[in-house]
Each structure stands twice: as structure tokens, then as C-alpha cells.
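Welcome, and thanks for taking a look. Below is a short tour of a few local features, starting with cysteines and moving on to a sheet and its helices.

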Amino acid sequence: MKIIKRVTLTFILLLLCTANITASAQNETDADTTTARILADMRKYFNTPDRDALYRSAGEYRTHALKTDNIYNYYKGWETEILYDVNFNRFYQAMKKTMRLSEEMHERGDREYYYNATHLIGIIHSIQGNNKLAEESFLKALNEMPENDMPQHVSIYMDLANVKMEHHPEEAMIFINKAVSLAEQAEMLYQYCDAMAFKTIIAFVMHDWKSVKQCYKLYTGVKEKDSTQFSNTYLRYANIARLTAEGNYKEAAKVADELTNIDKYKFKLLVYEAAKDTTNAFKAQKEYITAKDSITQYIQSTELQSAAHDLAVADAVSDARKNKAINIILGIIIAGSLCIIGILLYTSRKRKQYTNDLKKKNKELIIAQGKAEEAEKMKLSIMKNMSHEIRSPLNVISGFAQVIGNPEFQMSDTVRADVAGMVKKSTESIVKILNELLDISDSDAYGNIQIGNWTVSDLCETAADNCRKAVENGVEVVTENHTDEDTTIATDKQKLLKALDCLLENARKFTDKGSITICCQKSGNNLEISISDTGCGVAAHERDKIFEHFYKGDKYLDGIGLGLPLAKRIITQLNGEIWLDVNYKEGARFIVSLPIKKA
């Protein structure tokens with residue numbers, strides 16, 4: 001029995017698939033005017049030969065889908081372009097794009113979309129007449145798709161019925177019955193209508209006239225239930241089947257003759273065969289074979305041209321790659337030569353730099369060695385000084401302790417008072433040395449600052465009174481306050497007085513006669529307190545060392561060289577500055593500058 005190949009019917013299915021694609025995308029993007037605009041362009045160009053316009057619209061649709069993170073629409077953009085190629089018999093290009101689409105889906109891991117590409121591959125094989133590969137692809141798509149996607153299940157079962165209809169119409173009937181059953185279960189009236197119309201055609205091919213009449217009645221019954229769900233896709237074909245089943249062969253052939261594609265000849269052939277009109281059947285068979293061969297030749301010619309174009313492109317790419325490879329090799333050789341030259345120049349420069357660095361380091365080592373030797377000398381000097389400063393008062397205390405402890409030694413009240421005073425002075429000297437060491441080494445003490453508002457005049461007078469108790473006769477301690485009597489400063493009183501005591505103690509040591517002056521005055525937003533004396537002053541070569549720990553200008557004077565470093569450390573903690581006034585010539589003058597602010 002001659003049965004239909006259904007090139008055109010499959011083409012109609014493709015148009016239906018495209019309609020479903022665009023309708024589905026439209027439902028998702030009603031609020032997206034850009035998507036709606038591009039979608040309208042794709043619909044407009046889908047049935048026109050303007051390939052560039054369709055490709056441009058599909059590409060824009062894919063790009064916009066990626067921007068909006070809609071991978072579903074991205075793949076639908078590809079499917080629309082592929083179906084367009086199939087629509088115009090460009091199967092070679094359609095298959096290339098479909099294979100690329102499948103690879104991309106697998107690379108992305110989008111398992112829920114695998115079946116779309118597999119389904120497209122089956123459709124292309126089906127239209128080309130390769131029913132075996134088409135069936136394999138459709139069955140694979142069924143396994144890949146989600147179980148709840150009923151419309152796609154119905155569509156693929158109809159495609160399986162199509163590829164089986166020519167050689168195994170009984171199996172085709174099994175597949176179409178599955179499609180009908182699924183559509184009924186899911187209450188998809190439109191899909192049920194299409195499936196029942198297609199079942200009518202399969203019964204027509206099998207010459208099962210009773211089934212044709214029953215299926216046609218169920219098919220057209222959908223229109224009576226809900227005309228909006230009635231599908232006209234297969235209406236003409238179903239009418240041909242119904243008229244033939246009723247024996248109205250003349251009218252059936254007339255309706256078949258109104259078809260505008262290859263199905264015109266195939267359906268006329270089937271009608272004439274049913275009517276046992278051998279003459280017209282032979283004529284229709286001849287016209288069918290001629291039309292089919294023409295389409296086949298066109299498809300083969302198009303695919304050969306596409307393949308030849310790809311080969312030409314591949315050859316051009318191969319030549320370009322060869323030339324590129326040659327250029328790359330030459331570039332590598334030149335670059336290698338330049339690298340070698342550069343390495344030699346770099347090595348020479350580094351060697352020169354290394355030599356210069358060695359010379360510089362040698363100089364630094366010589367300087368460091370000198371500093372180390374000087375530090376070692378200072379260390380020995382400090383140890384000697386510390387030993388002397390502590391041993392002297394200890395000897396005094398020890399000597400007088402022996403005297404006092406001797407019961408045979410009798411002393412007057414005056415002598416006893418002198419001894420007690422000297423012991424006390426020696427004890428205070430040792431305590432002072434230890435306190436300076438503790439103060440200079442206790443870093444935590446300087447983080448604990450107690451800020452309060454203090455009158456400048458009171459601070460200066462308190463520091464002066466402390467100094468007056470220690471100076472020798474003949475040295476006067478003077479205060480000069482050039483600020484207002486009520487001028488205050490926000491600072492830590494105890495720490496500031498400690499710093500001033502250190503400066504005044506330094507002045508006392510080097511002043512045998514004359515005066516020590518404490519002067520307070522404003523300088524902008526700062527308060528300047530200067531400590532001036534009429535002593536020996538500071539030699540020029542000592543100015544950079546006086547704030548160093550344990551440095552003593554006169555090693556014979558008492559003290560261990562921590563007064564000035566301690567004063568500088570405290571003033572720095574109080575956000576102030578301290579320096580030696582090198583322009584003062586009558587002795588030594590240290591100036592303390594502190595910001596004036598209120599707590």
C-alpha cells in the first residue's frame with residue numbers, strides 16, 4: 001500500500017511548534033516591551049525569505065534573554081532560527097545549529113532543556129526521510145523531557161506516529177493513541193483536537209473507513225464544545241479522509257487538488273487508489289514522484305552548496321592558520337632574540353647595580369661598625385656611670401651606718417643631724433635614679449593621661465617652687481608669666497610638672513651662679529614654656545645628642561643622663577614639642593610648646 005511521506009504535514013507541525021514557542025515566550029514577557037518587540041519581528045520574518053532579518057531578530061532575542069537572565073527564551077531564540085532554516089529547506093545549516101545548541105546545553109548543564117535540541121534533531125531527520133534516526137531522536141527526547149511537560153509529550157508522540165506511518169501504520173496508531181490519551185488526561189482540548197485529526201489521517205492511510213468516520217466525528221465535535229479550542233491545522237486532510245470513507249471520491253479528489261504543495265499529488269493518489277481509479281492513480285503517482293524528486297534535488301543541492309561553502313571556509317581558515325603559524329614562529333624567534341638581548345642587558349645592569357649595592361653596603365657596614373663601637377663605648381660608659389652614681393650614695397649610707405652602729409662612737413646632736421641629712425640625701429639620690437629608670441622604661445605609664453584644665457601661672461609657680469628647694473645658694477629661680485592670670489591649658493598636670501622638673505634639674509646641675517628663669521607666653525594657639533639658665537650652655541657638637549638616653553655632657557656631675565630624654569618623651573605624649581634654643585648665648589634655653597585647649 002502506498003502511504004504518505006508527509007513532508008508538508010511535518011512542515012505544518014513546525015509552524016505550529018514555532019507558534020507555541022512564540023506564544024509561550026509572550027506569556028512570560030507580557031511586561032517586557034523589549035522582548036515583545038523582538039518577538040513581533042521574529043513572527044513577521046518567519047515566513048519570509050528575508051533570512052538576514054530573521055537571524056538578526058533571533059540574535060537580538062537571545063542577547064536580550066541573556067541580559068535578563070532568561071535562559072528559556074535564549075534557547076527558544078535558537079530554536080526559532082533553526083526552524084526557520086528547516087522552513088526554507090536549509091537542513092544542513094539547521095542540523096549544524098542544532099548540534100551546537102545541544103553542545104551548549106550540555107556545557108551549561110541545563111538538563112531540563114536537553115530534549116528541545118534532541119526533538120529538533122528528530123524533526124530534521126524526519127523531514128529528510130531518515131525515519132530510523134528520527135525515531136531514535138524522538139524516543140531519546142521523551143526520556144530527557146520532564147514528566148509534567150504534557151504538551152511536548154503529545155507533540156513528540158505525534159512526530160513518532162508520523163515517522164512510523166509509512167512502513168508501520170499500526171505502530172503509528174499506537175503512538176497517536178498515546179498522544180490522544182495524554183491530551184484527554186491533561187484536559188488540553190486544543191492538543192486533543194490536533195491529535196484526533198491526525199488519527200483520522202492515519203486511519204485513512206490504513207483504509208480503516210470505520211475508524212476514519214469515528215475519529216472525524218470526535219475531531220469536529222471539539223468545535224461544538226469550544227470553538228476557540230478547535231484547530232484547523234489538519235482540517236483539509238481530515239475532510240479528504242472523511243469524503244473518501246463516505247465513498248465521495250470525486251469531492252475528495254477535488255479537495256486534494258486544492259492543496260498547494262506536494263501533498264496535493266500524494267492525497268490524490270490515495271483517493272484514486274481507494275476508488276480503484278488506476279488511470280488517475282498512475283497519473284497522480286507520476287506527478288507525486290516528479291514533485292518529490294524536485295524537492296529532494298533542491299534539498300541535496302542546497303546541502304551540497306552549504307557543505308562546499310563550509311569546506312571553502314575551512315580551507316581559508318586552514319590557510320590563514322598556516323600563515324598565522326608562520327608569523328607566530330617568526331614572532332617567537334624575534335621575540336626570543338630580543339629576550340636574550342634583554343636578558344644580557346638586564347644581567348649586565350644588575351651586575352653593575354649589584355656591585356654598586358655591595359659598595360654601598362660596605363660603606364653602611366663601616367658606618368654601622370662605627371656606631372656599634374660607639375654604642376659599646378656608651379654602654380661601658382653607662383655601666384660605669386650607673387655604678388658610680390649608685391655606689392657613691394650607697395658608700396655614704398654604709399659608712400654612716402657603721403658609725404651609728406658603733407656604741408663607742410659618741411656624737412652631738414648637731415653631728416647626728418648632719419649625718420641624718422647626708423643619709424637622707426644619698427637615699428633620695430638612689431631613689432631618684434631608680435625612678436628615672438622606671439619612668440623611661442614604663443611605656444604603659446605614658447598611655448594613661450589624665451587631662452584637666454590647669455592655670456598656667458600655677459603650673460609655672462609649682463615647678464619653680466620645686467626647683468628652689470634644690471638649687472645652691474647664689475642661684476635665683478625666677479618666673480615670668482606673659483599670659484593672662486586666668487589663662488588655662490588642658491593637660492596632664494603631673495606629667496607636665498615631671499617634664500618641667502627634668503628640665504629644671506638639668507638647668508640646676510649646670511648653673512653655679514646667676515639665675516634659672518621659667519617664662520610662659522602665648523604663640524598663636526600654643527603655650528610656650530621656656531627654661532633658661534646662666535650656666536655653661538650646650539656645646540655645638542653636643543646639640544644632637546642631648547636627648548639621647550644616658551648621654552651626659554659632664555660625666556662628673558650627678559645623674560645618669562635620662563632627664564632630658566624623659567622630658568622629651570612626656571612632652572611628645574602631651575602632643576607638644578621640645579627643642580634647644582640655639583640662638584640663646586647666655587647659657588642654655590629649652591622651649592616647650594603645647595597646644596592651648598580646654599578639656
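This is a predicted model. A good place to begin is with two cysteines, C460 and C520, both of which are buried. They are joined to each other by a disulfide, with an S to S distance of 2.2 Å, and the structure holds one disulfide. The bond brings together distant parts of the chain: C460 belongs to helix α17 (residues 456-468) and C520 to strand β4 (residues 514-523), 60 residues apart. Is this disulfide left-handed or right-handed? The torsion about the S-S bond of C460 and C520 is about -70°, so the disulfide is left-handed.

Two further cysteines can be set beside E60, since a relative accessible area is given for each. Buried here means under 20%, and partly exposed means between 20% and 50%.

| Residue | Relative accessibility | Class |
|---|---|---|
| C193 | 0% | buried |
| C467 | 5% | buried |
| E60 | 33% | partly exposed |

Now to the sheet. Five strands make up an open sheet with mixed pairing, and their order is β2-β4-β5-β7-β6. Which strands stand at the edges? They are β2 (475-481) and β6 (577-580); each has a single partner strand, so one side of each is left without a neighbour in the sheet. On average, neighbouring strands are turned by 15° against each other, direction ignored.

At the β6 edge, the pairing can be followed in detail. Strand β7 (residues 589-595) and β6 pair in the antiparallel sense over four bridges. One residue pair to look for is W579 and its bridge partner in β7, I591.

Two helices accompany these strands. Helix α17, the one that holds C460, packs on the sheet and touches β2, β4 and β5 (526-533). The direction of α17 makes about 175° with that of β2. The disulfide partner C520 sits in β4, which is among the strands that α17 touches. Helix α19 (residues 563-573), for its part, lies across β6 and β7 and runs at about 145° to β6.

Finally, let us return to E60, a residue of helix α3 (residues 51-67). What does E60 contact, leaving aside its neighbours within four places in sequence? E60 is in contact with R37 and I38. Between E60 and I38 there are 7.2 Å in space, C-alpha to C-alpha, while the two residues are 22 residues apart in sequence.

Methods: Residues numbered from 1 in each chain as written. Predicted model: local features only at pLDDT ≥ 70, side-chain atom pairs only at ≥ 80, totals over all residues. Heavy atoms only, no water. Disulfide = S-S within 2.5 Å. Buried < 20%, exposed > 50% of the residue type's maximum accessible area, 1.4 Å probe, protein only. Pairing = 2+ DSSP bridges. Axes fitted to C-alpha atoms, helices over the stretch in contact; angles between N-to-C directions. Contact = heavy atoms within 4.5 Å.
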